[in-house]
Amino acid sequence: MQDRFLLAGYVQVPMLSAEEVSYLFAEMRKLRPDDNFNPQPDQKYQPSDHCSFLDKNVDYKRQAFDLIEEVFDPHLKRYMPNFEIVSANFYVKPPHSGVFTIHQNWPLLPLEDTTVTLWCPLQDVDVHNGGIHVVPSSHKILPHVEGVLCPPYFKDFQEALIEKYLQPIPMHAGEGLIFDDGLIHWSPVNDAEEATIAVQILCVPSDATPIVHFFDRNHPERFEKIEASKDFFLSQLITDMTVRQPHWKSLGFVENKNRYISEEEFVELLKKGDEIREKIYFPNTTPYSLAITMRNILLDETQNSLLIKRGYIQQQILSELEIQYLLDEIRNICPESDFLPQGDASSHPYIFASYMQNIQKVREVGSNIIQEVLFPHIAQLFDNYRIISCGLFVKAPKGGWIDVHYHRTVVDDLKHWVIDIWCPLMDTNISNGAFHAVPKSHKIFPEIVHNTYSDPPFFQNYTQIIREKYSVALPSKAGQAVIFEDSMLHWSPNNMTNHARYAIHCACIPKEVTPIHVHFNPSYPQQFELYEATDEFLSKTVFGRLLSQPIDLNLLAIVPNNNRNYTLEEFEERMHNADQSRHELLERGDEIRQKIYFPNTTPYSPAMHPETSVSLVHNQGGMTPEPAKVPPVLTRIISTCRHLLGMKPQSAKVLSVPQISGVMRDARAPINQHTISDVTDYYNEWTQRYIEGFGEVFQGSRPDSTDELFDYIIDAANLEDGLTVLDAGCGVCGPAMGLAERRNLTIEAVTLSEVQVAEGQQRIKDRGLQNRITVRKGDFHRLAEIYPPAHFDRILFLESLCHAEDYRVVLRQAKQVLKPGGFIYIKDFYTVDHRSRPDLLELQAEDLRELNRIYCLVMPDLPSTVDIISELGFHIFYMRQPLYTYSSAIWENFMRHTNVFWVPKLGNPDRVIGTIEFLLKV
């Protein structure tokens, strides 16, 4: 939530219960403001809506403040424990009135500090009844004091802000919008027949002295800082703010840096907003963005930036069903009874780790069961990462202490990030051994090559200080993972409960990286041997003990052991400059590695042969190069023979896909095999047969239950009450109706077929959904001509995009009518990739040709679809096979009913096409 607030300038949060809303309504009706909640906007400084602050009745203002504080203060303390209320107001918009000017709130502290506003409607609000609109990420991009006599810096393009930049925030009664006072916001006229009522609360840090910036026309070069307590806002009238009052307490003066800018400069400031705010929020860090200098780790940009900066994030990844499945499977092999005290015997004072077990069925828990469950989540969360190891951790009751540590080195390129996932299978907190992280401790000691049995940790003399001063506990719900860079320091206390605590773990690396195994031989402590680690080695090797030299791995290099103990002062210096250290590592990784490994030699190459590699030893003259001592002669012989026999790993061959024009489409290029007119005619002719065969839900990929399909789409597309949704290619509105009956959605549906429009309208009327669903004839290649820009929270393409003439045009049009922060959900069929089996391509082409003919489409391939999505600037929130159990029963019923069968020559249809779903975000 904090990260969202810093990034966008606002967050929506649950705030009041229905009972509290009713209580506020009842108590508010007892109040008697001077304007009787019906303001006269012809008065100077009086808007067309009621605001407590602007009312002349001081007693009313105090009563309103006390009432609001009574109800809201406990909730605000939950979200902002270190803030306090300085002003609290009722806002009432009479019917057909109440437009509020575009503005930023008055700054109640110096501009570099943060003050916040809570806005909470007491009934559901949207664009029709005067709901609030904001310009996301418009906070803190330009230092400017707005006030009674100081217009906003955007005064010359306010209409453009309304037309192009302001976004409505529909809200339910009692929901809160917490936003930075520098955020640009506005609200339109209440077009409803009833007044709308909201509460506005201004908050400042508890230890701060609030101020108002008084502008004196005689001294336009400065502002006077006037102390503004709670009583200040209760006792002052708006007209008082235009003239210096003698009783005001001055806190000095500040330079007037106000200036007025053009729309073009505003756009540039929005683009640079993150960089500008970083200098404000983190003034002691170097002004750069690590995300620019390295490959992405996570697909979500916000989470990726947070992971890079902090070293970890928390993310719910497992469903309840997955958690229960894992617990059942794991307890079959590691029952809880194995960890409970027997009689008077004490419990095991250890943590059980599958990585350290030499029992096949225990090791297979990680390599099979855990990896099976985590695999789709890794694909959904990460940008081209893969799992290299999975394991199980069980903390026995009254035991399981793991002190501060970091994980062993598994890649040899300092720029690459190894990411670990630790995920409890039950709720965890301090009492049962919660994960504790040391934020920002990752990648700040690149000279350390970690092998469990080479050296004690570099911080061994001050682990207690790290635990007490630098670490934070991360309580987690079952299935909520800690995703962290594996050099980040972390630890966990004992499990003090009477039950075993189960958690799973996996390590992931970029797919383009080869993992390494660092071998340490105590007879040669001055060096490490780096081997190319195979998946089999990583999955079968029993770690946690000194390993013998691997004779079946390819030796990559021998490097010096420069590990040493670091003082607390050195540690604290690195932590203080953590961002800068990581930036230098990413920018100059190869150079740093050269200096670490071979400070007095020519540049190091990882492909250097063992015979010519160099190690460093201590002598009286300091560090000098000498021939590396590769102790086992057999290893050198094997390595040399491998090289001579050409047995080094070879790069994979790239198989070209035969050009099958008109059968397997490239989604990046338009097609003309089936035109828009062809698709229109097809559905006008075939809709009745679709209804008879499919029912009203024309979906070929689906579970057996239609109800299950609707529930699945709701979860997959993240459909929530209050959203505006477009069903693009809607058929007869079967999905639209099913979704509208399960969630409070406003749905626009569009189809090429006038037959489907008429059929859909009748079915919508029969179900009483006319006020929730609107269906019209239209072409999804022209969405921006049909709908206003930034109109939809969600856009659904449910097995409809495959009919598009031009994917690029359709997705670009969808992007225009999608609200910033909205999602596009696509579920469709794509051709199976048989590049590794060229012998199947000809049969696949025949099957696709027949499929395309029957269903009036040209099936795309997946790689080109991903390309066009990326080229258009979408962020792929996830791409995956649907998680439901597929049933072919409905599709088979359609074929039997129409007597038109598609019988693939490749046998099963899933050898020709497969279903993929995307969730896309701008």
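Let me start with an open sheet of four strands, which in this predicted model follows the order β17-β22-β19-β20, with antiparallel pairing. The edge strands, each of which pairs on one side only, are β17, covering residues 402-405, and β20, covering 472-474. As you go from one strand to the next, the twist averages 25°.

If we look at one edge of this sheet, β17 is joined by two bridges to strand β22, residues 490-492, and these two strands run antiparallel. To find that pairing on the screen, you can pick out H405, whose bridge partner in β22 is H490. Then there is helix α11, residues 463-470, which lies across β17, β19 (435-437), β20 and β22, and which runs at about 90° to β17.

Now I would like to turn to another strand, β16, which spans residues 385-395. Is β16 mostly buried or exposed? Of its 11 residues, 10 are buried, and so β16 is largely enclosed by the rest of the structure. Here, buried means under 20% relative accessible area.

As for its partners, strand β15, residues 351-353, is joined to β16 by three bridges, and the two run antiparallel; within that pairing, F352 has V394 of β16 as its bridge partner. β16 also pairs with strand β23, residues 501-510, again in the antiparallel sense, and over 10 bridges. One of the places to see this is S389, whose bridge partner in β23 is A507.

β16 also brings us to my last topic, the second largest pocket, which has a volume of about 1,300 Å³. Which residues come closest to the centre of this pocket? Of the 48 residues that line the second largest pocket, they are R880, Q881, G914, T915 and I916. Two or more lining residues come from each of several elements, namely the helices α10 (360-381), α24 (862-871) and α25 (889-898), together with the strands β16, β33 (818-831), β34 (875-880) and β35 (913-921). The element that gives the most to this lining is α10, with five residues.

What is the lining made of, by class? In the second largest pocket there are 29 nonpolar residues, along with 10 polar and nine charged ones.

To bring this together for anyone new to the structure, β16 is a useful strand to keep in view, since we have met it as a strand with 10 of 11 residues buried, as a partner of β23 over 10 bridges, and as one of the elements that line the second largest pocket.

Methods
Residues are numbered from 1 along each chain as its sequence is written. This is a predicted model: local features need pLDDT of at least 70, side-chain atom pairs count only at pLDDT 80 or more; totals for chains, interfaces and linings use all residues. Side-chain values use heavy atoms; hydrogens and water are left out. On a 1 Å grid over the protein atoms alone, a cavity is a set of points where a 1.4 Å probe fits but cannot get out, and a pocket is an open set with protein on both sides within 12 Å along at least five of seven lines; lining residues have an atom within 4 Å of a point. Grid points are joined across faces, edges and corners, and a volume is the space filled by probe spheres set on the points. Ala, Val, Leu, Ile, Met, Phe, Trp, Tyr, Cys and Pro count as nonpolar, Asp, Glu, Lys and Arg as charged, and the others, Gly among them, as polar. Two strands pair if DSSP finds at least two bridges between them. Axes are lines fitted to C-alpha atoms, for helices over the stretch in contact, and angles run from 0 to 180 degrees between N-to-C directions. Contact means heavy atoms within 4.5 Å. Buried means under 20% relative accessible area, exposed over 50%, partly exposed in between (1.4 Å probe, protein chains only).
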